[in-house]
Amino acid sequence: MFPELKNDRFIRALLKQPVDTTPVWMMRQAGRYLPEYRASRAHAGDFLSLCKNDEFACEVTLQPLERYELDAAILFSDILTIPDAMGQGLYFETGEGPKFKKVIRTEADVDALPIAKVNDLDYVMKAVTTIRNALGGRVPLIGFSGSPWTLATYMVEGGSSKDFRHIKGMMYKSPEILHELLRKLAISVTDYLNGQIKAGAQAVQIFDTWGGVLSGPKYQEFSLMYMKQIIDGLIRVHDGKKIPVIMFTKNGGQWLENMAASGTDALGLDWTTDMAEARARVGNKVALQGNIDPCVLYADKDVIRDQVGEVLAGFGNGSGHVFNLGHGIHQFVDPEQPKYLIDAVHELGAQYHQEASDQLDKLNNLD
Ligand code: CP3
């Protein structure tokens, strides 16, 4: 049994239940912009050693929570643990991003790929449980995975890409090979996320970082369809608690209605989508997460506050908004800066939850 959750704003907002103020966390909140993260990484040796040791993973997960009043913690790991478990041999070269010893290009490559087994990802499950215990119910713990399409881009390109020529070439030339790869990934991701939920994750996010490089019809066929399969297969209630799902397709703003119909509880938005317009389009169907431009963190305190105010006003009154950056925090951000953003969200957010606060006051006065 894990300790009782003390701050449940994040979970409540995802489920559109009343909250006292808008909850906030930041994608990539544990990372290189924090000097204490760089020290832990030096201590562990390298990035993957941080991920593969539950004590280190726990240490860096908690670092941003020591500095800021965040409403959620996110598992410290990487989306590329899955291709690694499928035998691709993940490694990182400093300053160069992820690389694989083996790249997936042909039908034979795809056929030879095993489905990732939770057993081979035991170190992730162990990290989830260690972190959940260390949190002591302070805030909820988010588990995550890449989407099948986003994972496939790294597996087929062999690392990060600008033009996605190998995977898009495969998509147009031999779509059945890509579908087979995505099918294997969807099963792997479902098992992986369910494993994280059983190990203690209280919400899960699917990162579809590269869904937005597809045309509308191809997005539906090669990315959204597989995310839907995953969502259909997820454990939605665990230990009597709902486990909300967040789907984040970067640059997916033009497909909000389709994404909202996927069965997800919430959609993550990047900063190119207007929050007010997004809310008008999805109505009450899903909660929204986002979506301030991460570069706002290079500005002065007053500008950060104004920009936070704009995003909050864009969503407007009532629950169903989790404040976040529109994508991960940059490594060059001054670690003093996020504090201004997070404190502004809590302070300025309260006015949009007045009705909920009034109700809570009334209930308290009855006692
Ligand atoms: O949000 C968090 O604090 C949790 C940790 C987390 C990491 N990666 C740690 C990390 C999460 C949620 C991810 C997800 C991830 N990983 C995504 C999807 C999210 C997104 O940003 O869109 C992707 C595409 C990856 C793959 C990946 N991992 C790349 C492309 C890179 C190199 C990128 C870069 O900025 O250099 C990584 C490395 C990585 N993952 C780092 C961290 C803290 C930096 C590694 C280091 O310490 O040098």
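How far is an oxygen atom of the ligand from an N or O atom in the side chain of Arg32?

## Ligand surroundings

The distance from the ligand oxygen to that N or O atom of the Arg32 side chain is 2.5 Å, which falls under the definition of a polar contact (a pair of N or O atoms within 3.5 Å). An oxygen atom of the ligand also lies 2.6 Å from an N or O atom in the side chain of Thr209, and 3.2 Å separates a ligand oxygen from a polar backbone atom of Gln29. Of the 890 Å² of accessible area that the ligand has on its own, the protein covers 88% (Shrake-Rupley method, 1.4 Å probe).

## Basis of the model

This is a predicted model, in which local features need pLDDT of at least 70 and side-chain atom pairs count only at pLDDT 80 or more, while totals for chains, interfaces and linings use all residues. Residues are numbered from 1 along each chain as its sequence is written, and side-chain values use heavy atoms, with hydrogens and water left out.

## Helix H4

Helix H4 (residues 54-67) has ten of its 14 residues buried, so it is largely enclosed by the rest of the structure; buried means under 20% relative accessible area (1.4 Å probe, protein chains only), and helices are DSSP runs of H or I with at least four residues, strands being runs of E with at least two, numbered from the N terminus. Among the buried residues are Phe56, Cys58 and Leu62. At the N-terminal end of H4, Asn53 acts as a cap, with a side-chain oxygen 2.9 Å from the backbone nitrogen of Glu55.

Definitions and conventions
Buried < 20%, exposed > 50% of the residue type's maximum accessible area, 1.4 Å probe, protein only. Polar contact = N/O pair within 3.5 Å; in protein donor to acceptor, adjacent residues only side chain to side chain.
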